[in-house]
Protein chains: 4
Amino acid sequence: MTHARRMIEANPTPAPVDAATLAECIEACFDCAQTCTACADACLGEQPPNHLSRCIRLDLDCADLCEAAGRVLSRQTAFEPEMARAVLLACAWSCRACGDECERHARDMDMEHCRLCAEACRRCEAACNNVLSAMGS
Amino acid sequence: MTHARRMIEANPTPAPVDAATLAECIEACFDCAQTCTACADACLGEQPPNHLSRCIRLDLDCADLCEAAGRVLSRQTAFEPEMARAVLLACAWSCRACGDECERHARDMDMEHCRLCAEACRRCEAACNNVLSAMGS
Amino acid sequence: MTHARRMIEANPTPAPVDAATLAECIEACFDCAQTCTACADACLGEQPPNHLSRCIRLDLDCADLCEAAGRVLSRQTAFEPEMARAVLLACAWSCRACGDECERHARDMDMEHCRLCAEACRRCEAACNNVLSAMGS
Amino acid sequence: MTHARRMIEANPTPAPVDAATLAECIEACFDCAQTCTACADACLGEQPPNHLSRCIRLDLDCADLCEAAGRVLSRQTAFEPEMARAVLLACAWSCRACGDECERHARDMDMEHCRLCAEACRRCEAACNNVLSAMGS
């Protein structure tokens, strides 16, 4: 249970897109940032972690971009559509790359943490694309 | 719906405290980081925002500390109890200070974003203290 | 004095672009993240801060994007040019928007913190564009 | 060349401790956050990285705590000594743990990135302790 949706509606400045679409994206960004941070750590604890170095790197990048996107989208004052668009594109890109890599490890090595992380990445990528569509860009 | 609990259980390294207590704290940290970011923005949009400068400052600090705590607690490899303890103390402290300030604005000015933020801060402060207790420190 | 340049050369994976260009960008990103964080706070302390709400918002976004870009560029393992490109474009965009806003306050209200912040934003925007050029995109 | 010192002096709210001591700490926090991020990546690229999993974990924690400390200390409005104290203690702790680990790898395996990272951690730990002393705590 998060506070994202109610915070959007309590803000004195109206949201740039409908509250449900925006809240879903903010929640997905923060959940994906957490899941990618945890997946990087779980990969690091696997023996041996060698073959997971690309996965760890993408997890770390994806966590950083999801966090930046989640923070930018949490702000409604003086909203800049172009700024939002640039960060959503970067976030969606990192979610796709990280989701693809995790999906491969989930499938080929039956790694549950990568399966869960791919799920969080797919949800976040879709949510970013939904906000981009709603913004008409 | 977050992935925190299942990620804890999918990590090859056992969690330092029981999974339910840890997951609740990680979720509360990320939710509080988001809520404080949104509350700082909502305060900034109030007219006039002057009297809210302390609230905005505490919101920003609290968001940064909740995020750092949420990330540190998401890692189970080579867990350091003393590190966790230091970051949980800092996070609990910022949640108390920010929660007190927001509660005052919720009560005196009927600000809904501050009421919601105080709620997120209280939940996160309690969750940090629960992990500290579970760690036996 | 930072460690960015020497860390690039000590990494077992070669840098994606020449070390001097990359180090300049990483340093500019971290410096701009710090300067924007400080400028948001300085604006918040001005009396009254009303007219600075857009500046504060852009400062906060710019700090988050510079930090994400600085972290992504600090990683050389399994480097993804498309990821780097997306985050550099978002970072350069936020630096331009924030730099323009700060420059206006520096000029019209003689605000020194905005003048310094505009300088950090301009340097970071140029450094991001230099890495984009060096990557051939 | 960073803007930290001049930003402290351009803030309408006086700094909580003398500007030189504060600027040195802010710069050391941001430099250490960058260096630890780069060291985690360099360790990840070593073959094999197995024995470096503890180092990577401490690097990631230290980057997160240095960044949180650097941001909190960059704010002078409504400064809270207790908040600053808690985050400085957590940051100094992580710098000591990470510096010790990196120093070991620098000595035993002649790893230059760990030698540089230990240097950044030592500088940051000392700078945090100097601010704690200047605050009289």
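This report walks through how chain A and chain B meet in this predicted model.

**How the two copies relate**

A turn of 180° with a shift of 0.0 Å along the axis lays chain A on chain B, and the RMSD is then 0.0 Å. That is the relation of a two-fold axis. The copies meet through the same surface, because 97% of the interface residues of chain A are also interface residues in chain B.

**What the interface holds**

Here are the main values for the pair, side by side.

| Feature of chain A and chain B | Value |
|---|---|
| Residues in contact | 39 residues of chain A, 38 residues of chain B |
| Buried area | about 3300 Å² |
| Share of the buried area on carbon and sulfur atoms | 57% |

Three residues stand out on the chain A side: A:His3, A:Met7 and A:Gln34 supply 21% of the area that chain A buries against chain B, more than any other three residues.

**Polar links across the interface**

How many salt bridges are there between chain A and chain B? The count is six. In a salt bridge between A:Arg6 and B:Glu119, the side chains meet at 3.8 Å, N to O. Polar contacts can be found here as well, with 16 residue pairs across the interface.

**Where the contacting residues come from**

On the side of chain A that touches chain B, helix H1 (4–10), helix H2 (19–45), helix H3 (53–73) and helix H5 (112–134) of chain A each supply at least two residues. H2(A) gives the largest share, 13 residues. Sorted by class, this side of chain A has 16 nonpolar, 12 polar and 11 charged residues.

Notes: Residues are numbered from 1 along each chain as its sequence is written. Chains are lettered from A and ligands numbered from 1 in the order in which they are written. This is a predicted model: local features need pLDDT of at least 70, side-chain atom pairs count only at pLDDT 80 or more; totals for chains, interfaces and linings use all residues. Side-chain values use heavy atoms; hydrogens and water are left out. Copies are superposed by least squares on the C-alpha atoms of residues with pLDDT of at least 70 in both. Contact means heavy atoms within 4.5 Å. Buried area is the accessible area (1.4 Å probe) that two parts lose on being put together, summed over both. A salt bridge is a side-chain nitrogen of Lys or Arg within 4 Å of a carboxyl oxygen of Asp or Glu. A polar contact is a pair of N or O atoms within 3.5 Å; within protein, one must be able to donate a hydrogen and the other to accept it, and residues adjacent in sequence count only if both atoms are side-chain atoms. Helices (H or I, at least four residues) and strands (E, at least two) are DSSP runs, numbered from the N terminus. Ala, Val, Leu, Ile, Met, Phe, Trp, Tyr, Cys and Pro count as nonpolar, Asp, Glu, Lys and Arg as charged, and the others, Gly among them, as polar.
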